[in-house]
Amino acid sequence: MRLDKFLSTTLGITRKEAGKLLKNKQIEVNGEIVKNGSLKVTDDCDVEFNGRSLSLSGPRYFMLNKPEGFVCSHVDDYNPTVFVLFDEVSPEKLHVAGRLDGDTTGLVLLTDDGQWSHRITSPRHECEKVYYVELADPLPEETVQTFAEGVQLRGEKDLTRPAKLEILNEREAVITISEGKYHQVKRMFAAVGNKVVGLHREQVGSIELDEDLEPGEYRPLTDEEIAYFLK
Ligand code: URA
C-alpha cells in the first residue's frame with residue numbers, strides 16, 4: 001500500500017492531510033524521515049507519526065488526567081471538552097469510556113473501540129471504579145456498612161450495588177463502586193445526608209491513573225492495560 005494511503009487509513013485523515021504530515025517531516029519509516037507519499041509500505045515497515053507507531057488494524061486507547069472544568073461530551077456550549085486536550089489526528093473519532101462530571105478530576109479512558117469501552121460502561125460487566133472523595137460534613141463509621149448494603153438513590157427503583165468505603169479521616173474517603181449511574185457518588189453521599197465537595201477518579205478496573213500525568217495530560221494505554229478489557 002502507498003504510504004499516503006496507509007496514513008489516511010490509520011489516522012482517519014484525507015490523502016491531502018497525509019501529504020501535509022509528510023511535508024512537515026512528521027512521518028518516519030524504519031527510523032528515517034520520509035516525505036514521499038508514493039513509498040510502498042510493506043509488512044516489515046515500522047511507520048511512525050510524531051514518534052508513535054501506526055498499524056493498519058490499530059484502534060486507539062488513551063488515559064487522560066482530566067482537569068476540573070472540562071466536560072466529557074463532544075459538544076458543549078459553555079465549557080471546554082476533554083477532546084481539545086488531545087494533540088492527535090481526528091480526536092473527534094475518540095469517545096469517553098465512562099464519563100466524569102465537569103467538576104470531577106482524574107482518570108478518563110478514551111478510545112475508538114466501541115466493544116472495548118462497552119466492557120467498561122455496560123452495567124452487566126460490573127467494572128469497578130475507585131474514587132477519592134472530599135466531603136462537606138464528617139463521615140460516620142456506619143456509612144461503611146450502609147454503602148456495603150446499598151443505598152436508595154432518589155428516582156431509582158433498586159438499591160445501589162454494594163460499594164466499598166474506606167474512611168481516611170473525618171472528611172476524606174475512598175469509595176469503590178461497580179456501576180455508573182448518573183452522578184452516582186454524589187447521590188450516594190447525598191442519600192446519607194452528606195455533600196461531595198471534591199471527587200477524583202483514581203482507577204477503572206485494573207487501570208490506575210498514571211501519577212506522572214499532570215492534570216490535562218494524557219498517554220496511550222500500554223498493551224497490558226488494553227488487554228485488561230479485552231478478556
Ligand atoms: N460519580 C459522580 O457523582 N460524579 C462523577 O463524575 C463520577 C461518579
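Let's start at Tyr218: setting aside neighbours within four places in sequence, this residue is in contact with Phe62, Met63, Leu64, Leu85, Phe86, Asp87, Glu88 and Leu213. Tyr218 belongs to strand 13. Lys66 is another useful reference point here, since it sits 152 residues from Tyr218 in sequence, while their C-alpha atoms are 8.6 Å apart in space. Please keep in mind throughout that you are looking at a predicted model.

Stay in strand 13, which spans residues 218-220, and you will also find Arg219. Is Arg219 buried or exposed? Its relative accessibility is 18%, and the cut-off for buried is under 20%, so Arg219 counts as buried. What does the side chain of Arg219 make polar contacts with? One partner is the side chain of Asp210, at 2.7 Å, and another is the side chain of Glu225, at 2.9 Å. Beyond four places in sequence, Arg219 touches Tyr61, Phe62, Met63, Asp210, Leu213 and Glu225. Phe62, Met63 and Leu213 appear in that list for Arg219 and also among the contacts of Tyr218.

From Glu225 it is a short step along the chain to Ala227, placed in helix 6, which covers residues 223-228. With a relative accessible area of 31%, Ala227 is partly exposed. Although 111 residues separate Ala227 from Trp116 in sequence, their C-alpha atoms are 9.4 Å apart in space.

Now let's step back and look at the whole chain. It has six helices and 13 strands, and its C-alpha atoms fill a box of roughly 70 × 35 × 30 Å along the principal axes. Of the 231 residues, 45% are buried. The accessible surface comes to about 12800 Å², with 47% of it belonging to carbon and sulfur atoms. If you think in terms of contact maps, consider the contacts with a separation of 6 or more: 63% of them are between residues 24 or more positions apart.

With that overview in hand, we can turn to the strands. Strands of a sheet pair through backbone hydrogen bonds, either parallel or antiparallel. Towards the start of the chain, four strands form an open sheet with the order 2-1-3-4 and antiparallel pairing. Its edges are strand 2 (32-33) and strand 4 (52-54), each of which pairs on one side only. Strand 1, made of residues 27-29, pairs with strand 2 in the antiparallel sense over two bridges. In this pairing, Val29 stands opposite Glu32. Helix 1, residues 3-11, lies across strand 1, strand 3 (47-49) and strand 4, and it runs at about 105° to strand 4.

Strand 7 is a good place to pause next. How many of the seven residues of strand 7 are buried? Seven of the seven, across residues 105-111, so this strand is largely enclosed by the rest of the structure. Several strands pair with it. Strand 5 (residues 61-66) runs antiparallel to strand 7 and is joined to it by six bridges; here Phe62, a residue we met as a contact of Tyr218, has Leu110 as its bridge partner. Strand 6 (residues 95-96) is also antiparallel to strand 7, with two bridges between them, and His95 is matched with Thr111. Strand 11 (residues 196-204) brings the other sense of pairing: it runs parallel to strand 7, again with two bridges. In that pair, Gly106 has Arg201 as its bridge partner.

Finally, let's visit the ligand. Which residues are around it? They are Leu100, Asp101, Thr104, Tyr131, His183, Gln184, Val185, Lys186 and Leu199. Of these, Leu199 falls within strand 11, which spans residues 196-204. Asp101 places a polar side-chain atom 2.7 Å from a nitrogen atom of the ligand. The backbone takes part as well: an N or O atom of the Lys186 backbone lies 3.0 Å from a ligand oxygen atom, and a backbone N or O atom of Gln184 lies 3.5 Å from an oxygen atom of the ligand. Taken alone, the ligand exposes 240 Å², and the protein buries 95% of that area.

How values were computed
Residues are numbered from 1 along each chain as its sequence is written. This is a predicted model: local features need pLDDT of at least 70, side-chain atom pairs count only at pLDDT 80 or more; totals for chains, interfaces and linings use all residues. Side-chain values use heavy atoms; hydrogens and water are left out. Two strands pair if DSSP finds at least two bridges between them. Contact means heavy atoms within 4.5 Å. Axes are lines fitted to C-alpha atoms, for helices over the stretch in contact, and angles run from 0 to 180 degrees between N-to-C directions. Buried means under 20% relative accessible area, exposed over 50%, partly exposed in between (1.4 Å probe, protein chains only). A residue is near a molecule or strand if one of its heavy atoms lies within 4 Å of it. A polar contact is a pair of N or O atoms within 3.5 Å; within protein, one must be able to donate a hydrogen and the other to accept it, and residues adjacent in sequence count only if both atoms are side-chain atoms. Accessible areas come from the Shrake-Rupley method with a 1.4 Å probe; for residues, only the protein chains shown count as cover.
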